[in-house]
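I opened my notebook to look through this structure a piece at a time. Come along and follow with the model beside you.

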Amino acid sequence: MKVIVTAPRGKMGKLITQVAASRDDMELVAGIGPKGRDYIGTDLGTVAMVGKELHVPVVDDLESVIDKCDVIIDFSTKEMAMGVLDLAIRHKKGLVCGSTGFSDEEMKRFEDAASSIPMLYAANTSKLVNVMNKVLEFITKTVGEELDIEILEMHDQWKKDAPSGTSKEMGETMAHALGKELSDIAVYGREGVSPREPGTIGYHSLRAGNIPSSHTVFFGGMGERLEITHHCYNWECFARGACDCAAYLANKGPGYYTIKDVLHLS
């Protein structure tokens with residue numbers, strides 16, 4: 001499988017490049033950086049600190065190299081991601097997108113893309129986070145109506161969107177298990193006189209230092225509480241999962257795929 005990675009200097013793009021370079025089933029054919037960066041035109045292995053040159057260029061024009069690849073792995077910014085999506089559709093290339101912060105209308109564009117390309121969107125590509133989602137679904141279906149559900153998510157000081165895309169997926173998983181839509185029952189933070197409304201899902205976002213990623217879901221009952229937590233020590237788990245997602249798209253036709261399909265959790 002021939003792969004293009006976007007934002008190879010970014011924290012995720014760098015790790016994805018390193019993981020992809022170590023896999024026998026993947027061949028990196030280009031890296032895509034934002035226009036104006038001083039590393040454009042240099043070797044992808046150097047830019048992503050792989051430890052060796054890959055003899056693969058980093059360019060700032062995806063369209064100039066897109067026909068060399070089978071799949072694009074995009075963990076960039078929401079602005080860059082929309083341009084990548086448009087080009088993937090135009091050139092009929094598979095796309096794994098892990099960028100977050102999209103509006104409902106923008107997410108609809110990813111879903112619509114599935115009619116013409118293999119499209120896999122995953123706000124979180126960690127295997128254990130997605131196993132956690134399966135556990136959350138089971139708990140909510142079993143006793144969710146009896147419990148108060150709160151989500152606490154922590155990330156580094158540089159994360160732009162809140163709440164995180166991962167916590168939104170968790171909330172959607174539990175809302176759907178209750179037969180509801182997250183947009184109808186989510187409550188974001190509290191201040192002053194703010195009693196808890198039964199049947200809601202509360203969100204709380206912390207941003208501090210270089211915390212990689214941490215998500216805890218609290219199920220509060222009377223006299224007891226259940227907590228399910230995932231801690232990420234670094235971003236390697238996400239990079240490995242992203243490459244697994246790309247490998248899954250090999251020989252797949254147009255469709256909207258998720259990491260649940262990759263992990264056989266559907």
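Entry 1, pairing. Before I start, I note that two strands pair if DSSP finds at least two bridges between them. I also remind myself that this is a predicted model. With that rule in hand, I looked up strand 1 (residues 2-6) and strand 2, and I found five bridges joining them, with the two strands running parallel. I picked out one bridge to look at: Lys 2 has Glu 27 of strand 2 as its partner.

Entry 2, the seven-stranded sheet. I then followed the pairing outwards. Strands 1 and 2 belong to an open sheet of seven strands with parallel pairing, and its order reads 3-2-1-4-5-6-12. Why is one side of strand 3 and of strand 12 left without a neighbour in the sheet? Strand 3 (58-59) and strand 12 (255-257) are at the edges, and each has a single partner strand, so there is no neighbour on one side of each. For strand 12 I looked up the pairing with strand 6 (residues 118-121), which is parallel and has three bridges. In one of them, Pro 118 is matched with Gly 255 of strand 12.

Entry 3, helices on that sheet. Helix 1 (residues 11-22) packs on the sheet and touches strand 1, strand 2 and strand 4 (71-74). I noted an angle of about 160° between the direction of helix 1 and that of strand 1. Helix 8 (residues 236-248) packs on the sheet too, where it touches strand 4, strand 5 (94-97), strand 6 and strand 12. Its direction makes about 155° with that of strand 4.

Entry 4, what is covered. I asked myself: why is strand 2 described as largely enclosed by the rest of the structure? Five of the six residues of strand 2 (residues 27-32) are buried, so the description fits. Next I chose Val 71, which sits in strand 4. Is Val 71 buried or exposed? Buried means under 20% relative accessible area, and Val 71 has 2%, so Val 71 is buried. I listed its contacts, leaving aside neighbours within four places in sequence: among them are Val 3, Ile 4, Leu 95, Val 96, Ala 246 and Leu 249. I also checked a distance: the C-alpha atoms of Val 71 and Asp 60 are 17 Å apart, and the two residues are 11 places apart along the chain.

Entry 5, the five-stranded sheet. Here I found an open sheet of five strands with mixed pairing, in the order 8-9-7-10-11. Strand 8 (186-188) and strand 11 (225-232) are its edge strands, each pairing on one side only. On average, neighbouring strands of this sheet are turned by 20° against each other, direction ignored. Strand 7 (residues 148-155) and strand 9 (residues 201-207) run parallel and are joined by seven bridges, and Glu 150 stands opposite Gly 202 in strand 9. Strand 10 (residues 213-220) and strand 11 run antiparallel with eight bridges; there, Gly 220 stands opposite Arg 225. The hairpin of these two strands has four residues between the strands, and Gly 223 takes a positive phi near 85° in it.

Entry 6, two histidines. His 155 lies in strand 7 and counts as buried, because its relative accessibility is 7%. Its contacts beyond four places in sequence include Ser 164, Leu 206, Ile 211 and His 215. His 155 and Cys 232 are 77 residues apart in sequence, yet 9.9 Å apart in space from C-alpha to C-alpha. His 91 is in helix 3 (residues 78-91). At 19% relative accessibility, His 91 counts as buried.

Entry 7, loops and surface. I looked up a cis peptide bond between Ala 162 and Pro 163, with omega about -5°. Pro 163 lies in the loop between strand 7 and helix 6 (165-177). Met 49 has a positive phi near 55°, and its relative accessible area of 55% makes it exposed. Lastly, I found a nonpolar patch on the surface formed by Leu 128, Val 131 and Val 135, with about 240 Å² of accessible area together. Leu 128 is in helix 5 (residues 127-143) and counts as exposed at 59% relative accessibility.

Note on methods. Residues are numbered from 1 along each chain as its sequence is written. This is a predicted model: local features need pLDDT of at least 70, side-chain atom pairs count only at pLDDT 80 or more; totals for chains, interfaces and linings use all residues. Side-chain values use heavy atoms; hydrogens and water are left out. Patches are made of residues with over 30% relative accessible area and no salt bridge: like charges are joined within 9 Å, nonpolar side chains (Val, Leu, Ile, Met, Phe, Trp, Tyr) within 5 Å. Accessible areas come from the Shrake-Rupley method with a 1.4 Å probe; for residues, only the protein chains shown count as cover. A salt bridge is a side-chain nitrogen of Lys or Arg within 4 Å of a carboxyl oxygen of Asp or Glu. Buried means under 20% relative accessible area, exposed over 50%, partly exposed in between (1.4 Å probe, protein chains only). Axes are lines fitted to C-alpha atoms, for helices over the stretch in contact, and angles run from 0 to 180 degrees between N-to-C directions. Contact means heavy atoms within 4.5 Å.
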